[in-house]
Amino acid sequence: MTFLELTQVVLEKAETPLTCGQIWKYAEKLKLTRKLGNIGKTPEASLRSVIYISIRDKNKTPLLIISEQPRTFWLKSREKELKNLKTNELEIEDFARQKRAFNERDLHSLFVKFLKDSEFDAYAKTIYHEVSTKSQKGKDKWNFPDIVAVHFPFNDYRDETLTLAKHTNQNQVEIYSFELKVALDWGNLKESYFQAVSNSSFANEGYLVVFEDIDDKEILEEIERLNQSFGIGLLQLGLDDIKIIFPSKERELDFETIDMLIGKNPDFKKFIENVNKDFKTNDRDRIATQNYDKILGDEELKRYIKEKNITKD
């Protein structure tokens with residue numbers, strides 16, 4: 001049995017459209033995975049790859065994409081049955097979203113934790129767009145990222161070096177901007193990327209962050225092309241770490257944009273105020289961590305993931 005044949009058997013028995021992960025779990029439950037040949041070390045990833053390759057050939061594939069975020073699949077041969085599940089594609093997509101228990105902001109606690117534990121070594125702050133100063137509709141669209149963060153140089157050098165940097169006015173912080181998405185696909189890729197381009201123009205580095213794994217090689221190639229042209233990096237958020245897929249290009253801070261954002265959003269204003277206070281102390285032990293998003297401990301994070309039912313599918 002091939003991965004595509006396994007997918008077809010599962011979808012023949014399924015009652016609703018399924019994600020790649022759900023297809024694999026269903027196949028394990030039915031003991032279909034035992035019928036596969038050499039499945040390799042990451043069989044679920046191989047299944048995803050086969051499904052996406054099949055979908056690419058629209059004329060020959062037996063599969064249909066039914067919804068995005070999460071992406072769910074169905075059989076062309078059972079297309080008429082969809083009417084009995086939902087009245088139209090939009091409702092089916094809504095139905096699929098409801099199956100995911102967590103939302104985008106639920107991922108912030110994971111990201112904040114891993115950001116501090118990673119090479120970024122940064123303190124993060126969620127920016128709530130809804131508290132921004134109201135203006136003409138569309139005027140401030142894409143002005144604010146989901147999360148901003150700061151890296152202080154206090155842990156990079158010895159005390160003597162820090163003192164010298166301060167005396168020579170070279171003791172600089174790094175400001176980061178992050179746009180977080182649960183999933184990326186052809187339906188939301190360009191909009192998501194240019195949203196990150198727009199709302200990170202003030203920062204030293206800007207990143208698009210995605211939670212669900214990107215198995216489509218062509219999507220990764222397109223993000224790499226955009227990265228080379230516009231400089232926004234790509235981070236993969238996992239359940240236990242973050243990985244840099246494409247690094248961001250470094251830039252100077254845009255103080256004119258920072259000043260505009262301070263005037264429009266109290267969260268952003270408070271973030272900059274706290275960065276200024278902590279940087280002024282020039283002391284790694286006096287950073288007011290309570291002014292940034294809480295960094296959960298390892299056990300706290302495990303409980304949080306369980307409570308929010310955060311999974312990759």
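Start by selecting strands E7 and E8: together they form a hairpin, with four residues between them. The model on screen is a predicted one.

**Stop 1: E7 and its partners**

Keep E7, residues 233–237, selected. E7 runs antiparallel to E8, residues 242–246, and four bridges join the two strands. To find one position along this pairing, pick Leu-237, which stands opposite Ile-242 in E8.

Next add strand E6, residues 205–210, which is joined to E7 by four bridges and runs parallel to E7. Here the position to pick is Leu-208, whose bridge partner in E7 is Leu-234. Now show helix H9, residues 217–230, as well: E6, H9 and E7 make a right-handed β-α-β unit.

Is E7 covered on one face or on both? In a regular strand the side chains alternate between the two faces of the sheet. Colour Gly-233, Leu-235 and Leu-237 for one side of E7, then Leu-234 and Gln-236 for the other; both groups are buried, and both faces are covered. Five of the five residues of E7 are buried, so the strand is largely enclosed by the rest of the structure.

**Stop 2: Lys-312**

Select Lys-312, in the segment that follows helix H12 (298–308). Which residues does Lys-312 touch, apart from those up to four places away in sequence? The list takes in Gln-236, Leu-237 and Gly-238, along with Arg-48, Phe-211, Glu-212 and Asp-213. For a distance label, use the C-alpha atoms of Lys-312 and Ala-183: they lie 9.9 Å apart in space, while the two residues are 129 apart in sequence.

**Stop 3: E1 and E2**

Move to strands E1 (residues 63–67) and E2, which pair in the antiparallel sense over four bridges. Ser-67 has Thr-72 in E2 as its bridge partner. E2 spans residues 72–75, and both of its faces are covered. On one side are Thr-72 and Trp-74, on the other Phe-73 and Leu-75, and all of these are buried.

**Stop 4: the largest pocket**

Select Val-173, Ile-175, Asn-204, Leu-253 and Phe-255, which lie nearest the centre of the largest pocket among its 16 lining residues. Strand E5 (174–181), helix H10 (255–264) and helix H11 (266–281) are the elements that give two or more residues to this lining. Which element gives the most? H11 does, with four residues.

The space in the largest pocket comes to about 450 Å³. Colouring its lining by class gives eight nonpolar, four polar and four charged residues.

**Stop 5: Ile-258**

Stay with H10 and pick Ile-258, which lies in this helix. Ile-258 has a relative accessible area of 8% and is buried, since the cut-off for that class is under 20%. Beyond its neighbours within four places in sequence, Ile-258 is in contact with Phe-202, Leu-253, Phe-268 and Ile-272. The C-alpha atoms of Ile-258 and Phe-202 are separated by 5.9 Å, with the residues 56 apart along the chain.

**Stop 6: the second largest cavity**

The last stop is an internal space. The structure holds two cavities of 30 Å³ or more, and the second largest contains about 30 Å³ of space. To outline the second largest cavity, select Lys-116, Asp-121, Tyr-123, Phe-152, Phe-154, Asn-155 and Ile-287. How many residues of this lining are nonpolar, polar and charged? Four are nonpolar, one is polar and two are charged.

Key: Residues numbered from 1 in each chain as written. Predicted model: local features only at pLDDT ≥ 70, side-chain atom pairs only at ≥ 80, totals over all residues. Heavy atoms only, no water. Buried < 20%, exposed > 50% of the residue type's maximum accessible area, 1.4 Å probe, protein only. Pairing = 2+ DSSP bridges. Right-handed = clockwise from strand over helix to strand, strands pointing away. 1 Å grid on protein atoms, 1.4 Å probe; cavity = no way out; pocket = protein on both sides within 12 Å on 5 of 7 lines; lining within 4 Å. Points joined across faces, edges and corners; volume = space filled by probe spheres on them. Nonpolar A, V, L, I, M, F, W, Y, C, P; charged D, E, K, R; others polar. Contact = heavy atoms within 4.5 Å.
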